[in-house]
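Welcome! Please take a moment to look over the chain shown here before reading on.

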Amino acid sequence: MTAAGSGRPEDLAQAIAGELLAHPSVVRLDGGPLGTLATHLPGHKVSGVRVTEVGAPVEVGVVLRLEGSLPTVTAQLRERVQALAGNVPVHVDVVDVEVGDGTEGSAGTEPEAGNRVT
């Protein structure tokens, strides 16, 4: 049985979260600046995935690695969501992007002393 076939929005939200996180360009799911992009469940929430009911439009918020074409990656994510949720509208909100692979010298590291803004 697919997540959409279970009839439970919480099952669908959790399945979508897992499918999105399995994509190599997704760093993490993100609920937006105020954390409102989420599916609220008893005792917890699935941040970065909003499912109100099975068969309704789905909204997701992601932070992506900046590699390749963003339109191509968002289309792939939309396809993954629709494979679980059915042929529903899917809004992919790219909340942020990260450059590099997290190793020294990538974005987010401390600038060299001569380049530091004080």
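This report goes from the whole chain to its helices, its core and a few single residues.

## The chain as a whole

What you see is a predicted model. How many helices and strands does the chain have? The count is two helices and six strands, and along the sequence they come in the order α-β-β-β-β-β-α-β.

The chain has 118 residues, and 33% of them are buried. If you take contacts between residues at least 6 apart in sequence, 60% join residues at least 24 apart. As for the outside, the accessible surface is about 6,900 Å², with 51% of that belonging to carbon and sulfur atoms.

## The helix α1

Start with α1, which spans residues 9-21. The helix has 13 residues, and the distance from its first C-alpha to its last is 18 Å, close to the 18 Å expected at 1.5 Å a residue.

Which residues of α1 are buried? They are L12, A13, I16, A17 and L20. Because these residues cover an arc of only 135° around the axis, they sit on the same side of α1. In general, an α-helix has 3.6 residues a turn, so residues three or four places apart point the same way. The cover over the buried residues of α1 includes five strands and a helix, namely β1, β2, β3, β4, β5 and α2.

## The helix α2

The helix α2 has 16 residues and reaches 22 Å between its first and last C-alpha, close to the 22 Å expected at 1.5 Å a residue. Its buried residues are V73, T74, L77, V81, L84 and A85. Their arc around the axis is only 100°, so they lie on the same side of α2.

What do these buried residues pack against? Their partners are α1, β1, β5 and β6. On the face turned away from the buried side, α2 carries the exposed residues P71, E79 and A83. Just after α2 comes G86, which takes a positive phi of about 95°.

## The nonpolar core

In soluble globular proteins, nonpolar side chains tend to be buried together. Here, the largest nonpolar core holds 23 residues, and those that touch the most other members are I16, L20, V49, V58, V60, L77 and V81. At least two residues of this core come from each of α1, β1, β4, β5, α2 and β6.

V60 makes a good place to look inside. Beyond its neighbours within four places in sequence, V60 is in contact with I16, L20, L37, G48, V49, V81, H91, V92 and D93. Among these contacts, I16 and L20 are buried residues of α1, while V81 is a buried residue of α2.

## A hairpin and a buried serine

Now turn to the hairpin of β2 and β3. The strands β2 (residues 38-41) and β3 (residues 44-47) run antiparallel and are joined by four bridges. One of the residues with a bridge partner is L41, paired with H44 in β3. Two residues lie between the strands, and G43 takes a positive phi near 85° in this hairpin.

Finally, find S25 in the loop between α1 and β1. Is S25 buried or exposed? Its relative accessible area is 5%, so S25 counts as buried. Setting aside residues up to four places away in sequence, S25 touches V63, L64, R65, E67 and V73. Of these, V73 is one of the buried residues of α2.

Terms used:
Residues numbered from 1 in each chain as written. Predicted model: local features only at pLDDT ≥ 70, side-chain atom pairs only at ≥ 80, totals over all residues. Heavy atoms only, no water. Buried < 20%, exposed > 50% of the residue type's maximum accessible area, 1.4 Å probe, protein only. Contact = heavy atoms within 4.5 Å. Areas by Shrake-Rupley, 256 points an atom, 1.4 Å probe, with all protein chains shown as cover. Core = buried A, V, L, I, M, F, W, Y, C linked by side-chain atoms within 4.5 Å. Pairing = 2+ DSSP bridges. Expected span 1.5 Å × (residues − 1). Arc of directions from axis to C-beta.
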